[in-house]
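I sat down with this model today and kept notes as I went. Here they are, in the order in which I looked things up.

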Amino acid sequence: MNIAIDTDPGHDDALAILFALAHDDITVEQITTVAGNATLENTTKNAGTILALAERSDIPLAAGCDRPLDRALETAQVHGDDGLDGLDREIDPVPAEKNGIEALASTAATGATIITLGPLTNIATAIDQYPAQMQQAQEIISMGGALTSPGNQNRVAEYNLYVDPDAAATVIESEIKTTLVPLDPCNDIMFRPADIEDLEDATIGRDLRSMLEAYHANINRFLDVDGALLYDAAAMFTLVGDDHIEKEPHDIVVETEGTYTRGMLVPEQRPYVDPEHNTDIVTRIDTKPCEQTLKQTLRRC
Ligand code: BDR
Ligand code: CA
C-alpha cells in the first residue's frame, strides 16, 4: 500500500512513522508536517529526526501549515515543549522542503492513501487549493475524534479535531472517502514499562526507550493512565490489521464552535432521518494483536 503521512510528531506519531517504514506491506511515499503537538518548526525537526534515526533520508519530507485555519495553535502537554520529550541526544534531522501542501496534492494524485496523525489543517488546505488532485487520493484515514468515549482535550473532543475543527469539518464534508480512527478503539492500546524494555532490542532501542519513558511519565501525570498511549501507531496498524478491526459507516458532523463542545463529533442518530453516510469510523481494534504487531515491527527498527 502506498501512503502519504501527514503528522505532528509527537511520540505516538514517531512510532507510527517508524512502524510504517519498517512494515513490508507499506510504502511511504511522502511525509508532510503540520503544527499541532508542537510548533511547525519542532514537528518538522522531529519528523526529520525520526527519518534520520531510521536512516531513511530517501523519504521526501515537507512542511505544511504553521497554524490552524482560523484560530491560534494550542500545542499538546503530553509530548513536552519540543514534541519529543526524552530524546536525549542531538541527531541531525533529514532536511525538509517547504512545499507541504503541493507535495500532499501531488502524492494524492498518484492514488496514494493519505493517513493523518495530527490536526487536519494541511489536508483541508490542499483540498481547497488542489481539489482535483486531492480527489484522486485512494482514501483519507485520520486519527481523530471521540465518538462515545470522553474527550482528551475537553469533555467531548479529541486533540486533533479540537485544535482545528474547521479543517476537520472540511475534510469530512469533502467528496473524498474518509475513515476516522477515534479515541474509542485506541484508549486501551499502549506500551507498558515491560514493552518499552522489549524495544531495546531494536538498533534505535535506547532512543525509543528514553522517548517512551518520558512520554509514559507525562501521560501518567496528565491523563492518569499507566502506559504510553499509542493512538497514532494504532491508527497506522489499521492499514494492515484488517482481521483485527471493525468499522461502521456514519453520518457525522464536527462542532466548530461550542462553548464546551469545540471539536466534538456529532453523529446522526435520529431514527426518523435517513443518514447520509459520509465517513467510516473504526469502532474496534483488537488490543493485544495491535500491541504485539506494533512491538514486533518496531523491534526491527
Ligand atoms: C492525538 O493527539 C496527539 O497528541 C497525538 O499525537 C495523537 O495524534 C491523540 O488525541
Ligand atoms: Ca499526532
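The entries below go from ground rules to the metal ion, the ligand, two helices and two single residues.

**Ground rules.** I am working with a predicted model, where local features need pLDDT of at least 70, side-chain atom pairs count only at pLDDT 80 or more, and totals for chains, interfaces and linings use all residues. Residues are numbered from 1 along each chain as its sequence is written, chains are lettered from A and ligands numbered from 1 in the order in which they are written, and side-chain values use heavy atoms, with hydrogens and water left out.

**Calcium ion.** I began with ligand 2, the calcium ion, and asked which atoms coordinate it. I found D8 (OD), D13 (OD) twice, L117 (O) and D232 (OD), at 2.2 to 2.6 Å. Donors here are N, O and S atoms within 2.8 Å of the metal (3.2 Å for Na, K and Ca), and water is not among the atoms, so sites may look incomplete. Along the chain I read the donor spacing as D-x4-D-x103-L-x114-D. D8 and L117 bring together distant parts of the chain, 109 residues apart: D8 sits in the loop between β1 (2-7) and α1, and L117 in the loop between β4 (113-116) and α4 (121-129). I noted that both D8 and L117 are buried, meaning under 20% relative accessible area (exposed is over 50%, partly exposed in between; 1.4 Å probe, protein chains only). Helices (H or I, at least four residues) and strands (E, at least two) are DSSP runs, numbered from the N terminus.

**Ligand 1.** Next I listed the 13 residues around ligand 1, where near means a heavy atom within 4 Å. D12, N37, N152, E158 and D232 come nearest. I then looked for polar pairs, that is N or O atoms within 3.5 Å; within protein, one must be able to donate a hydrogen and the other to accept it, and residues adjacent in sequence count only if both atoms are side-chain atoms. D13 has a polar side-chain atom 3.0 Å from an oxygen atom of the ligand, and N160 has one at 3.1 Å from a ligand oxygen. L117 instead uses a polar backbone atom, 2.9 Å from an oxygen atom of ligand 1. The protein covers 97% of the 280 Å² of accessible area that ligand 1 has on its own (Shrake-Rupley method, 1.4 Å probe; for residues, only the protein chains shown count as cover).

**Helix α2.** How many residues of α2 are buried? I got ten of its 14, including L40, I50 and L53. Among the elements covering them are α1 (11-22), β2 (27-33), β3 (61-63) and α10 (205-223). Just after α2, E55 takes a positive phi of about 55°.

**Helix α10.** Its buried residues include L208, M211 and Y215. Just after α10, I saw a positive phi of about 60° at D224.

**G36.** I found G36 in the loop between β2 and α2; it counts as buried because its relative accessibility is 0%. Its C-alpha lies 6.9 Å from that of L73, 37 residues apart along the chain. Beyond four places in sequence, its contacts (heavy atoms within 4.5 Å) include D8, L73, P119 and Y159.

**E139.** Is E139, in strand β5 (residues 139-143), buried or exposed? It counts as buried, because its relative accessibility is 11%. The side chain of E139 makes a polar contact with that of T179, at 2.5 Å.
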